[in-house]
Each structure stands twice: as structure tokens, then as C-alpha cells.
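Colleague: I am new to this structure and would welcome a formal introduction. May we begin with the chain as a whole and then turn to one of its elements?

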Amino acid sequence: MSSQSNDQGRAYEYICLLTLESEISKFRPAVIDNNSSFYAAQRAWNSVTEQLQDNLTKAAEAAVQTIFDLEPLIVEDGDDELELFIQPDTKGEQGDVRDILIVRRGIQWEVGLSMKHNHFAVKHSRLSKALDFGKHWYGVPCSAEYWDDVKPIFLYLNEETRKSTKWRDLPAKEDDVYIPLLTAFVNEVKRTNTTNKDIPSKMVEYLLGEYDFYKVISIDNKKMTQILSFNLRGTLNQASQSDKPKIAVPIANLPTRIVSLDFKPNSNNTVELYMDGGWQFSFRIHNAATLVEPSLKFDIQIIGMPATIISIDCTWN
């Protein structure tokens with residue numbers, strides 16, 4: 001992610017946090033934790049244009065009432081103080097994709113939001129000469145066959161790194177790097193799946209994180225905020241003592257089978273994963289730097305979801 005995109009994302013977190021605090025305070029006590037992540041988001045907010053600030057404000061305002069309709073415990077009348085805070089980026093590296101947490105410690109309850117500005121990416125995981133993606137993603141170390149397959153690729157990249165070669169100057173990066181690396185990745189997932197029946201579910205849990213959450217996406221060109229529910233464990237959409245949620249969110253079942261994992265038609269850098277229950281992901285490999293390095297990044301997108309993942313479009317005023 002570029003520094004500009006990163007700043008825009010942080011700015012979106014900042015204004016959403018302030019908007020939540022302002023609206024929740026109409027119903028109950030609410031306080032923002034001014035932690036280091038809050039100040040980083042505040043600096044990002046101050047660095048973006050007024051036009052973008054206006055768009056982000058409208059995006060946040062459009063989403064808030066729907067979040068209240070989904071989670072009545074947020075605005076339930078009570079004496080306990082509700083806490084709002086932005087999580088540090090390290091949480092994402094540890095498997096928690098939620099950017100904003102809304103917490104009521106008095107009843108030991110919380111709900112999390114993953115904020116996205118004009119993009120739908122799920123993860124930006126890497127493949128490298130030392131990173132064991134199998135162990136990291138689904139708890140099964142990569143096989144000797146995988147390491148044998150990728151060794152010559154990363155030896156080649158190491159040599160070009162020493163030469164300070166630019167990615168654009170590689171004579172055939174698709175044939176020499178992208179295709180063989182993705183082929184090794186596909187073969188390893190398929191190989192592991194034959195002896196580990198929980199690979200499909202573990203894969204989704206890795207890609208979507210350890211906790212249930214709502215993804216709140218600002219789509220500026222459509223003047224719309226989209227909210228997606230990822231209720232894999234049944235912790236979202238709880239009733240308060242006085243109100244049921246105005247919008248029902250079902251539990252989404254995890255997949256049990258890999259139906260297909262193969263290259264996207266006519267593509268040298270993207271593979272597509274199809275699983276039962278409607279789960280579909282794309283994995284596009286790309287170089288994330290100008291100079292060659294022995295590491296490549298995935299841009300992982302959801303391209304299909306179960307019907308139990310509720311999507312709500314909130315139009316800006």
C-alpha cells in the first residue's frame with residue numbers, strides 16, 4: 001500500500017471514530033482512547049485535502065445509523081462508559097483485521113470495524129525464500145517439495161537483488177518468477193488439502209482474521225458506504241435488554257471443500273480459489289518495490305461470498 005493510500009485509510013478511521021463518538025454520546029456516555037494510533041490517524045486526517053475530508057465525513061455519517069441498527073448494544077441506555085479506539089497495525093499482523101473497536105467493558109462486549117477506502121482487498125500476504133506460508137496461514141508447514149520448487153526462483157531473485165536490478169528490467173519476470181512461484185503455491189495448497197480436511201476453513205479464518213467484524217467501505221465514486229458482515233462465529237448482531245437488532249445478520253458457515261484452485265484464465269500473475277458455500281478468492285502476485293527483492297506480495301480479494309454475508313449499501317447525504 002502506498003503512503004498516500006495509507007494516509008487516506010488512517011484519515012477514514014479518524015473521522016469514523018469521531019462520528020461514532022458524537023452520535024453515540026446522544027444516547028450514552030462514550031469516550032475515545034487517545035492512544036498512539038489515534039494520533040497517527042489524526043495526523044493523516046490533517047494531511048489530506050478538504051475535498052477528501054468532506055467525502056470521508058459523508059462516508060462515516062452514512063454508515064453510523066446502520067451500525068446502530070445492526071448492534072443495539074452500542075446505544076443501549078446504561079451508566080457504563082463505552083470506549084472507542086483505533087487498534088495498532090501490529091494487530092493486523094497478529095490476525096486481528098479490525099481497525100476500530102467499540103467496547104463496553106461492563107458487560108464484556110465489543111464489536112469491531114474494518115475500514116476500507118476505495119478498495120476491497122482482504123490481505124497483502126507475502127511469499128519469500130524463508131516465509132513458511134503454510135504454517136502461517138493454516139498451521140501446516142510447507143512440504144519439502146514446495147521448498148524444492150521455489151528454491152531456484154529465489155536464488156535467481158537473490159542474484160538480481162545483488163545486481164540492484166529493477167523489476168521492470170527482468171527479461172521475463174512472468175515466466176521466470178510469477179508463473180513458477182504461483183504454480184508451487186497452488187500445488188502446495190492442493191497437496192496439503194489432500195491430507196488435512198480443515199484447510200478450507202483454516203484458509204478463510206486466516207484471510208478474514210480471528211474475530212467477527214463489519215467491513216465498512218467508502219466507495220467515493222458511487223457516493224456510497226458499503227457495510228459487509230463477517231459473522232463467522234456468531235458474535236455479531238446481539239440484542240440489547242430492550243431492543244433486537246433492526247437488521248438480522250445470520251452466521252456464515254465456513255467452507256469444507258476446495259472446488260478449484262488454478263490460474264485465472266489468460267493471466268500469468270493471478271490464481272483463483274473456489275470453495276463450497278460460495279467462498280471465492282483471487283490471489284494476484286506482484287512486486288511491491290522498484291528494485292528486485294527475494295519477496296513478492298499477494299493482493300488477495302474476495303470475488304464471491306456466501307449469501308449469509310450481508311451487504312448493506314448506505315447512500316451519502
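Colleague: What percentage of the 317 residues of the chain count as buried?

Modeller: Please note that this is a predicted model. A residue counts as buried when its relative accessible area is under 20%. Of the 317 residues of the chain, the share that meets this criterion is 52%.

Colleague: What radius of gyration does the chain have, and why does it agree with a compact globule?

Modeller: The C-alpha atoms fill a box of roughly 60 × 45 × 35 Å along the principal axes. Because a compact globule of 317 residues would have a radius of gyration near 20 Å, the chain agrees with that expectation, its own value being 21 Å.

Colleague: Is strand β12 mostly covered or mostly uncovered, and how many of its 10 residues are buried?

Modeller: The chain has 8 helices and 13 strands. Strand β12 spans residues 295–304 and is mostly covered. Of its 10 residues, the number buried is 8.

Colleague: How many bridges join strand β11 to β12?

Modeller: Strand β11 covers residues 280–286 and runs antiparallel to β12. Within this pair, Phe283 stands opposite Ile300. The number of bridges joining β11 to β12 is 7.

Colleague: Which residue in β12 is the bridge partner of Ala121?

Modeller: Strand β5, residues 121–123, is antiparallel to β12 and joined to it by 2 bridges. Strand β6, residues 126–128, is also antiparallel to β12, with 3 bridges, and Ser128 stands opposite Ser295 in β12. For Ala121, the bridge partner in β12 is Gln301.

Terms used. Residues are numbered from 1 along each chain as its sequence is written. This is a predicted model: local features need pLDDT of at least 70, side-chain atom pairs count only at pLDDT 80 or more; totals for chains, interfaces and linings use all residues. Side-chain values use heavy atoms; hydrogens and water are left out. Helices (H or I, at least four residues) and strands (E, at least two) are DSSP runs, numbered from the N terminus. The radius of gyration is taken over C-alpha atoms; the globule rule is 2.2 Å times the number of residues to the power 0.38. Buried means under 20% relative accessible area, exposed over 50%, partly exposed in between (1.4 Å probe, protein chains only). Two strands pair if DSSP finds at least two bridges between them.
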